[in-house]
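Dear colleague,

Please find below the structure that I am handing over to you. My findings follow it, and I would be grateful if you read them with the structure open beside the text.

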Amino acid sequence: MVPTFGFIHIQFLLEGAIWTVILSVCAFLGGGLMGLLIALLRISPIPFVRRLAAWYIELVQGIPLLVLLFTGYFGLPAIGVPVSPLLAATISMTVWVGAYLGEFWRGSLEAVPKAQWEAAECLALTRWQRMFKVIVPQAVRNATPGTVGFMVQIIKNTSLASAVSFVDLTRAGQLINNSTFQPFVTFVAVAIIYFLLCFPLSVLSRRLERRMARGMAKA
Amino acid sequence: MEVSLDFSPIFERWPMLLDGAIVTLLLSVAATVSGFLIGTLCAAGRNSRFRIVSAICAIYVEAIRNTPFLVQIFLIFFGLSTLGFTLSAITVALLALTINVGAYTGEIMRAGFDSVHAGQWEAAECLGLSRLQTYWHVVLFPAAERVFPSLSSQFILLMLASSITSQISVPELTGNANYIQGVSFRPLETYLVIGVMYFILSVIMRQIFNLIGMVAFPRRRRLGTPL
């Protein structure tokens with residue numbers, strides 16, 4: 001007998017949604033660290049380091065996330081590193097998020113007015129102090145709306161981890177579809193859950209952006 | 001453990017990779033053109049005087065932008081077949097890519113339309129141009145010119161997103177790579193090769209968009225700045 005889509009399936013979808021959230025958080029934390037590193041390397045005084053970071057960004061932005069995920073999932077075991085789907089997905093997404101956030105945050109760092117950099121130097125702060133006590137706190141303010149917006153991209157793109165047998169929301173939907181043969185109901189339910197995860201962040205991002213634009217206009 | 005990379009089983013199947021790359025490119029070009037049309041209509045629709053039209057366009061954009069492409073394509077692919085429409089995977093892929101990129105383009109073009117100075121709209125109205133004429137003769141080109149960089153990166157993202165259509169068995173680059181890694185047992189090498197191929201495709205696409213920008217927007221070519 002073929003079961004019909006019911007409460008038990010919604011429960012299963014919600015469990016999948018929890019894994020989607022977990023992977024999103026892992027990807028954001030890993031990718032955030034990676035992005036910070038890349039952004040700092042990208043404005044390093046050493047030309048070679050700058051170029052290296054630029055190449056990383058170019059390369060990763062030219063490759064689909066799905067291919068990165070397959071490379072992580074199948075490739076790491078092939079070179080003798082056993083990985084679970086969650087770990088493989090986290091590593092691949094860290095690489096991917098790092099490139100996009102790195103490029104974006106570089107822009108935010110460079111958008112901090114030049115006078116701030118010079119003033120910090122005049123106060124005899126070390127490079128490290130100047131970066132983390134003066135520049136980064138101001139850059140964070142510039143970068144927040146866009147970063148929140150990018151979180152939506154991260155949540156949506158964790159759906160691709162379903163292709164490497166990570167049982168997230170999308171994979172849960174596929175499994176339910178395979179047993180109930182009710183793709184329309186199932187995937188609409190999946191889409192609604194994704195929408196409920198993503199839409200508040202989209203709205204927040206837009207609101208932050210508008211507030212910042214107002215702040216700029218006042219200043 | 002010693003790691004040895006052996007690319008020969010992948011390179012042996014180069015015609016398959018080439019076919020895949022061609023399908024990827026054709027899908028991307030077709031979806032870029034149709035997505036641009038849908039997106040521009042949608043952006044104009046959001047400025048419509050009719051509340052219902054602008055509401056529909058807004059709902060479309062928000063629904064697409066806040067759900068994953070993979071779920072959209074599953075919904076269309078499996079959903080349409082239960083409704084009795086049996087479309088080939090590649091048709092569904094084109095349809096889903098168009099719907100998806102249409103929403104993003106719509107948002108970008110709306111920003112472009114908003115950036116056109118109010119005086120231009122008013123001047124067009126004073127000259128007695130209809131809404132359609134205003135869009136076509138006055139607003140469209142400056143708007144597209146201003147958002148052209150965002151548009152071209154969105155279309156490159158679209159090319160990368162077309163890899164997702166492999167999940168409904170479209171024989172594009174990633175789909176063919178999945179097959180090759182299955183028969184050659186060389187997954188790492190396979191995905192490294194197609195990773196490089198995608199990178200090359202994205203570089204080529206960026207150059208093509210630069211060229212299109214040069215031809216379509218002479219002001220950018222002559223002065224080096226947009227309007």
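I begin with the contact between the two chains, in what is a predicted model. Chain A contributes 33 residues to this contact, and chain B contributes 31 residues. On the side of chain A that touches chain B, the elements giving two or more residues are α3, α6, α7 (169-180) and α8 (183-218) of chain A. The largest share of that side comes from α8(A), with 11 residues. Sorted by class, the side of chain A that touches chain B holds 22 nonpolar, 10 polar and one charged residues.

Next, the two chains one by one. Chain A has eight helices and zero strands, so that its pattern along the sequence reads α-α-α-α-α-α-α-α. Its C-alpha atoms fill a box of roughly 75 × 50 × 25 Å along the principal axes. Of the 219 residues in chain A, 41% are buried. Among the contacts in chain A with a separation of 6 or more, 75% are between residues 24 or more positions apart.

Chain B has 10 helices and zero strands. From its N terminus, the elements of chain B run α-α-α-α-α-α-α-α-α-α. The box filled by the C-alpha atoms of chain B is roughly 75 × 50 × 30 Å along the principal axes. Buried residues account for 43% of the 227 residues in chain B. For chain B, residues 24 or more positions apart make up 76% of the contacts with a separation of 6 or more.

One helix merits a closer reading, namely α3(A), which covers residues 65-78 of chain A. Does its length fit its number of residues, and what span should one expect for it? At 1.5 Å a residue, its 14 residues should span 20 Å, and the C-alpha atoms at its ends are 19 Å apart, which agrees. There is nevertheless a kink of about 25° in α3(A), centred on A:Gly72. After α3(A) comes A:Gly80, which has a positive phi, near 90°.

Is α3(A) largely enclosed or not? Because 11 of its 14 residues are buried, α3(A) is largely enclosed by the rest of the structure. The buried residues are A:Leu65, A:Leu66, A:Val67, A:Leu68, A:Leu69, A:Phe70, A:Thr71, A:Gly72, A:Tyr73, A:Phe74 and A:Gly75. A:Gly72, the centre of the kink, is thus listed among the buried residues. The cover over these residues includes α4 (85-111) and α6 (127-157) of chain A, and also α8 (173-184) and α9 (187-216) of chain B.Finally, there is a packing of two helices within chain A. Helix α1 (residues 7-42) of chain A packs against α7(A) at an angle of about 155°, and their axes are 7 Å apart. An angle over 145 degrees counts as roughly antiparallel, which makes α1(A) roughly antiparallel to α7(A). From α1(A), the contact is made by A:His9, A:Phe12, A:Leu13, A:Glu15, A:Gly16, A:Ala17 and A:Thr20. From α7(A), it is made by A:Leu169, A:Arg171, A:Ala172, A:Gly173, A:Ile176 and A:Thr180. The residues of this contact divide into six nonpolar, five polar and two charged.

With kind regards

Key. Residues numbered from 1 in each chain as written. Chains lettered and ligands numbered in written order. Predicted model: local features only at pLDDT ≥ 70, side-chain atom pairs only at ≥ 80, totals over all residues. Helix = DSSP H or I, 4+ residues; strand = E, 2+ residues; numbered from the N terminus. Expected span 1.5 Å × (residues − 1). Bend = angle between axes of the 7 residues up to and from the residue. Buried ≥ 20, exposed ≤ 12 C-beta atoms within 10 Å, placed from the backbone. Contact = placed C-beta atoms within 7 Å. Nonpolar A, V, L, I, M, F, W, Y, C, P; charged D, E, K, R; others polar. Axes fitted to C-alpha atoms, helices over the stretch in contact; angles between N-to-C directions. Parallel < 35°, antiparallel > 145°, perpendicular 65-115°, else oblique.
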